[in-house]
Every structure is written in C-alpha cells, then in structure tokens.
Amino acid sequence: MTPQEQAKKIEEIYNEAIKKLDELSKERKSIVGNYIKELEAQKMDAIRASILEDK
Amino acid sequence: MSHEFNEKGLLQEELKSITNEKDLEKFASDAEDLGHDELAKEAREKIENLKKDLSSKIEIAETTPAYQQEAIKESENAEKVSEITKDVDGRIDKLKAETEAKIAEVQNEGQNQAETTPVTNSEVIEKKEEKSFEELSEEYTKIGEKILEAPKRILRSMTQDEIKLYSQKYPNEAPYLNEMLNGLDKFRAENSSFVFENFSKYIKFLGEIRGEDYSKEVLSFPEVEALRLKQSEIVSKQNETTPVTNSEVTEEKPAEGIAIEK
C-alpha cells in the first residue's frame, strides 16, 4: 500500500464513522426529544391538577 | 332503624371516597345535622390527618433548599435520559472503538510495509541521483583538474634558474623534471596520490628556495580523498555497465603512475 493509498483509506474510515455518528446523534436527539415531550405533558397534567384542586 | 342503618352505611361509604378538606368539612357538618356525630367526628379526624400530612410535606419542602430540589429533579432526569439513551450511547462507543481500531490497523499496515519494503523518499532521491559512467567520469575529471590547478600553477612559475638549481641539487632527477614541465598541461589526476607525490617534491623545493609555504596547495588531503572515492565509484560503475574480462580489467585499470592524455 502506497502512502497515498493509506491516506485515502484512512479518510474513508473517518468519513464512514462521521456518517454513522451523525445518524446515531439524530437517533439520540430524537429519544431525548421524546422524553422532553413526555415531561412537558406531565408538567401540564400536574399544573392542571393543581389548578383543579384549588377550585 | 333499617333506614338509619342504610343512611349511616351510605354516609360511611361517602366518607371513604372524600379526600379533600372542603368536602370533608361539608360532610362533617351534614353528618352532625343528620345526627351522625360519630361520622362527623371521623370526618374531622380525617381532616386533621390531611392537615398533618400536608404540613409534613410543607416542612420537607421548606427544609429542602430549592437548589437541592432542582438537583434531585435534574438528577432524576439525567438518570432517566441515561437509561433511555443507553442503547444508542453503547452503539456510539462501539463505533468509536471500531474506528480507532481500523485506523490503527491501516497505520500499522503501512508501517509494516515500510519495514519490509524500505522504499523511502531518500532512496527515490538516491536513485534519481544515480549517475551514469560518463557523468561520473566528467565529475572525476573536473575534481582532478581542480586539485591539480594549484600545483600546476606553481610549477609553471618555475624559472630557468630554479630548474638549474634543482638539477644541480638532484642531478639524477633533472631529466624527469624537464619532462614533467614540458608536458604539464597533459597531466591528469587519475592517480592522485602518485601525482601529488611527484609534484610535491618539486613544489617543496620551490617553497624552500622562494621562502614560501606551498603545503596547502600541495597536500589537500580531503580533495585527494574525494578524488579517490570518485575513482572507486567510476570503476564500480564501469564494471556494472560493461562487464570485461580479467585481462581487460588489468588494461583498463588506472595506471599507477602519472597519467598523460594521449
């Protein structure tokens, strides 16, 4: 393997890893985003319950 | 009696389902009006219990600083996030490890290859710089000319009186001196050590009678050594390009004396 071929192979490995990490990052973001939505819903329920209790 | 029993039973069931203070107060008041003092008492006890429970919660909230409450909440959230992202985080770590391993493998492969087949840049340059026999011969001639430049210059400056003095001092060598001086331009440095040995003899004599120091011009050993190395290179190159017989080698070998151009 020539130094040029070696450099090309290294570049390919990094590019592939970046692409996969980007996908995993999106997946993680989506999971956390859904959890935030869940918390938002819980918060609204808690506030609603509190208001109703006062009445 | 049965009506009273039914009414009390119903009120007891109702009391069980009431959980807020206002409803319990109303229930207690109604129960008293209906003559169910026990139920009214039970309702009021329940109110007291609710108040106690509430006050204990308030006490906890008051004694737990806000930042701690937030920290507890954040910690709970962080734990939850960590739990739900466990799978994807694991895949990210795995990918990182795999990438590092792949890069190391490629780098090691390159290193091993370099060790087994040492074709380095310096070697490429060396190959590019490898000179032909003709080029080496030309270089050799130039170096030789440079080395002989100073000794020839000194010998050319030798006057007839100086020649006469030398001949008187070394009568046996007089014919050789004349021969050398007459053919000075034809001398080459193919056998540098011999040339320098002979030239040195005459130049040393001139230095003595002139009161000059010609040692630097005559005995430039680094230059002589450079010329000798160049000569070895040429011989080696010549053997590589034109394989010759033993007899030819003997004939082609530079003469162990002063070389004179034909």
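The exposed residues B:K22, B:K26 and B:D33 sit on the face of α2(B) that is turned away from the buried side of this helix. In this predicted model, the buried residues of α2(B) are B:L24, B:F27, B:A28 and B:A31. These four cover an arc of only 100 degrees around the axis, which means that they fall on the same side of α2(B). The helix itself has 13 residues and spans 18 Å from its first C-alpha to its last, close to the 18 Å expected at 1.5 Å a residue. After α2(B) comes B:G35, with a positive phi near 90 degrees.

The buried side of the helix leads naturally to the core. The largest nonpolar core has eight residues, namely B:L11, B:L24, B:F27, B:A28, B:A31, B:L39, B:A40 and B:A43. Two elements of chain B, α2 (21-33) and α3 (37-63), each give two or more residues to this core, and α2(B) gives the most, with four. Such an arrangement has a familiar background: in soluble globular proteins, nonpolar side chains tend to be buried together. B:L11 is also a member of this core; leaving aside neighbours within four places in sequence, B:L11 is in contact with B:A31, B:H36 and B:L39.

Attention can now turn to where the two chains meet. Here, 15 residues of chain B are in contact with 15 residues of chain A. On the chain B side, the elements that give two or more residues are α4 (66-84) and α5 (86-116). The largest share, 11 residues, comes from α5(B). Sorted by class, the side of chain B that touches chain A has seven nonpolar, four polar and four charged residues.

It remains to ask how far each part of the picture can be trusted. The model scores ipTM 0.85 and pTM 0.33. Chain B averages a pLDDT of 73, and 64% of the residues score at least 70. Among the elements of chain B, α2(B) has the highest mean pLDDT, 88, whereas strand β2 (residues 259-260) has the lowest, 42. Over residues 244-262 of chain B, pLDDT stays under 50, and for this stretch the model has 23 contacts beyond four places in sequence. A word of caution applies to such regions, since predicted coordinates should not be read in detail where pLDDT is low.

Terms used:
Residues are numbered from 1 along each chain as its sequence is written. Chains are lettered from A and ligands numbered from 1 in the order in which they are written. This is a predicted model: local features need pLDDT of at least 70, side-chain atom pairs count only at pLDDT 80 or more; totals for chains, interfaces and linings use all residues. A nonpolar core is a set of buried Ala, Val, Leu, Ile, Met, Phe, Trp, Tyr and Cys residues joined through C-beta atoms within 7 Å. A residue is buried if 20 or more other C-beta atoms lie within 10 Å of its own, exposed if 12 or fewer, and partly exposed in between; C-beta atoms are placed from the backbone. Two residues are in contact if their C-beta atoms, placed from the backbone, lie within 7 Å. pLDDT is the predictor's confidence in each residue, from 0 to 100. Ala, Val, Leu, Ile, Met, Phe, Trp, Tyr, Cys and Pro count as nonpolar, Asp, Glu, Lys and Arg as charged, and the others, Gly among them, as polar. The expected span of a helix is 1.5 Å times one less than its number of residues. The arc is that of the directions from the helix axis to the C-beta atoms.
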